[in-house]
Amino acid sequence: MSIHRVWLDEAIRRIEADFNRSADTHLVRLDLPRFPGVTLYLKDESSHPTGSLKHRLARSLFLYALCNEWIGPQTCVIEASSGSTAVSEAYFARMLGLRFIAVVPASTAAPKLDAIRFHGGEIHAVADPGAIYVEAERLAVETGGHYLDQFTYAERATDWRGNNNIAESIFAQMAEEEHAIPRWIVCGAGTGGTSATIGRFLRYRRHPTQLCVADPASSVFHRHFADPGVTAMPDGCSSRIEGIGRPRVEPSFVPSVIDRMIAVDDADSLGAMRALSDRLGRRVGGSTGANMIACAALIREMAEKNERGSIVTLLCDGGDRYSCTYYDDKWSAEHGIDWRPGSAQVTELFAT
């Protein structure tokens with residue numbers, strides 16, 4: 001066996017051993033007193049070793065690149081990211097002894113940058129968020145490294161048929177609940193990988209569950225879903241919610257497996273984020289707030305139709321990474337964000 005193959009086998013063993021040491025993420029049940037026929041569940045992805053849903057994606061991307069022999073013992077690994085994916089990828093790169101460079105928008109929250117550095121990653125910031133792709137490709141050529149390219153490979157790196165993906169985990173954890181087969185699963189879309197995995201799994205297992213994707217109002221995804229001819233947003237139009245929404249349709253976004261999309265204003269996402277944090281007693285991130293606004297709409301629709309059932313959504317990451325932005329009232333005022341109406345929408349869900 002070649003020296004490279006020996007290293008490759010050991011790299012995959014390390015990643016699999018790390019997975020074996022990690023427990024599954026919790027499924028948190030939230031009762032809704034005003035909607036007695038509906039139960040809400042949060043798949044808490046913040047409990048991963050790197051604190052977010054992107055830990056699953058990073059592991060899959062590394063395994064995909066390793067098994068394709070795109071990464072070797074001297075490879076510099078590069079990613080374009082708004083932060084959370086790069087945090088998780090830095091973790092896996094350090095595990096394998098590889099150099100890692102995160103190409104991020106200059107506006108990325110400082111705690112995310114600190115987390116990337118904590119795991120041994122390097123920061124390469126660019127002023128224009130739309131330029132991160134080209135800059136990542138350039139750095140890969142310059143260093144002779146490998147660009148992981150989450151926006152292209154997210155939907156194919158994860159085994160959507162099973163093998164411990166997030167959809168399989170949700171259904172296993174729901175098995176003993178009153179409404180074991182959810183009426184809806186709600187998630188966001190950044191790369192599109194999570195929505196593709198869940199949507200394909202629902203069809204493969206022949207579940208009647210429908211998939212709803214919560215998308216920032218200034219993202220192109222929900223526009224493309226309504227009109228496939230729309231593939232990009234005008235320059236300068238982007239969401240403030242890190243991790244979800246994109247100015248262009250990414251290769252990993254698969255609209256055909258999505259049943260519905262709900263556009264959510266950034267201010268409402270941040271208000272819902274705060275309301276849910278108050279309910280849980282700990283902070284969550286902005287993308288979780290977007291999910292909650294979509295859940296609120298679906299819950300009210302189910303109540304109006306006298307439908308009973310469950311809704312599962314994702315708690316994507318913790319809120320401590322956004323202490324200097326989303327949870328800072330001064331920051332909100334400077335950006336003209338009134339989060340109170342969004343907070344009221346979600347607070348009402350939990351009222352007795």
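## Sheets, loops and a pocket in a predicted model

Four strands of this structure form an open sheet in the order β5-β4-β3-β6, and their pairing is parallel. The edges are taken by β5 (122-126) and β6 (146-147), each of which has a single partner strand, so one side of each is left without a neighbour in the sheet. The reader should keep in mind that the model described here is a predicted one.

Inside this sheet, strand β3 (residues 77-80) is joined to β6 by two bridges, with the strands running parallel, and in that pairing Val-77 has His-146 of β6 as its bridge partner. Four bridges join β3 to β4, again in the parallel sense, and here Ile-78 is matched with Ile-101 of β4. Strand β4 (residues 100-105) is mostly covered, since six of its six residues are buried. As background, the strands of a sheet pair through backbone hydrogen bonds, either parallel or antiparallel.

Both of these senses of pairing occur around strand β2. Strand β1 (residues 27-31) pairs with β2 in the antiparallel sense over five bridges, and one of the matched pairs joins Asp-31 to its bridge partner Thr-39 in β2. The connection from β1 to β2 is a hairpin that passes through six residues. With strand β10 (residues 309-315), β2 pairs in the parallel sense over seven bridges, and Tyr-41 has Val-312 of β10 as its bridge partner.

How many residues of strand β2 (residues 38-44) are buried? Seven of its seven residues are, and the strand is accordingly described as mostly covered. Val-38, Leu-40, Leu-42 and Asp-44 point one way from β2, whereas Thr-39, Tyr-41 and Lys-43 point the other way, and all of them are buried.

Two loop residues deserve attention for their backbone angles. Most residues other than glycine have a negative phi. Asp-149, however, has a positive phi of about 55° although it is not a glycine, and Arg-206, which is likewise a residue other than glycine, has a positive phi near 60°. Asp-149 is placed in the loop between β6 and α6 (150-157), while Arg-206 is found in the loop between α8 (193-204) and β8 (210-216). Their surroundings can be described through relative accessibility: Asp-149 counts as buried at 11%, but Arg-206 is exposed, with a relative accessible area of 72%.

A further arginine, Arg-223, lies in helix α9 (residues 221-226) and is partly exposed, with a relative accessible area of 32%. Leaving aside residues up to four places away in sequence, Arg-223 touches Ala-217, Ser-218, Val-230 and Met-233. The C-alpha atom of Arg-223 is also separated by 9.2 Å from that of Met-261, a residue 38 places apart from it along the chain.

Cysteines are present, yet a search of the whole structure finds zero disulfides. Why is Cys-187 without a bond to Cys-316? The sulfur of Cys-187 is 8.2 Å from the one in Cys-316, which is the closest cysteine sulfur, and this is too far for a bond. Cys-295 is in no disulfide either, and the nearest cysteine sulfur, that of Cys-212, is 7.7 Å away. The table gathers the values for these two cysteines.

| Cysteine | Nearest cysteine sulfur | Relative accessible area |
|---|---|---|
| Cys-187 | Cys-316, 8.2 Å | 0%, buried |
| Cys-295 | Cys-212, 7.7 Å | 0%, buried |

The last feature considered is the second largest pocket, in which about 210 Å³ of space lies. Its lining is made of 16 residues, and Phe-19, Ser-22, Ala-23, Asp-24 and Thr-25 are those that lie nearest its centre. Which helices each supply at least two residues of the lining of the second largest pocket? They are α1 (3-21), α2 (54-67) and α7 (166-174), and α2 gives the most to this lining, with three residues. Sorted by class, the lining of the second largest pocket has three nonpolar, nine polar and four charged residues.

How values were computed:
Residues are numbered from 1 along each chain as its sequence is written. This is a predicted model: local features need pLDDT of at least 70, side-chain atom pairs count only at pLDDT 80 or more; totals for chains, interfaces and linings use all residues. Side-chain values use heavy atoms; hydrogens and water are left out. A disulfide is a pair of cysteine sulfur atoms within 2.5 Å. Buried means under 20% relative accessible area, exposed over 50%, partly exposed in between (1.4 Å probe, protein chains only). On a 1 Å grid over the protein atoms alone, a cavity is a set of points where a 1.4 Å probe fits but cannot get out, and a pocket is an open set with protein on both sides within 12 Å along at least five of seven lines; lining residues have an atom within 4 Å of a point. Grid points are joined across faces, edges and corners, and a volume is the space filled by probe spheres set on the points. Ala, Val, Leu, Ile, Met, Phe, Trp, Tyr, Cys and Pro count as nonpolar, Asp, Glu, Lys and Arg as charged, and the others, Gly among them, as polar. Contact means heavy atoms within 4.5 Å. Two strands pair if DSSP finds at least two bridges between them.
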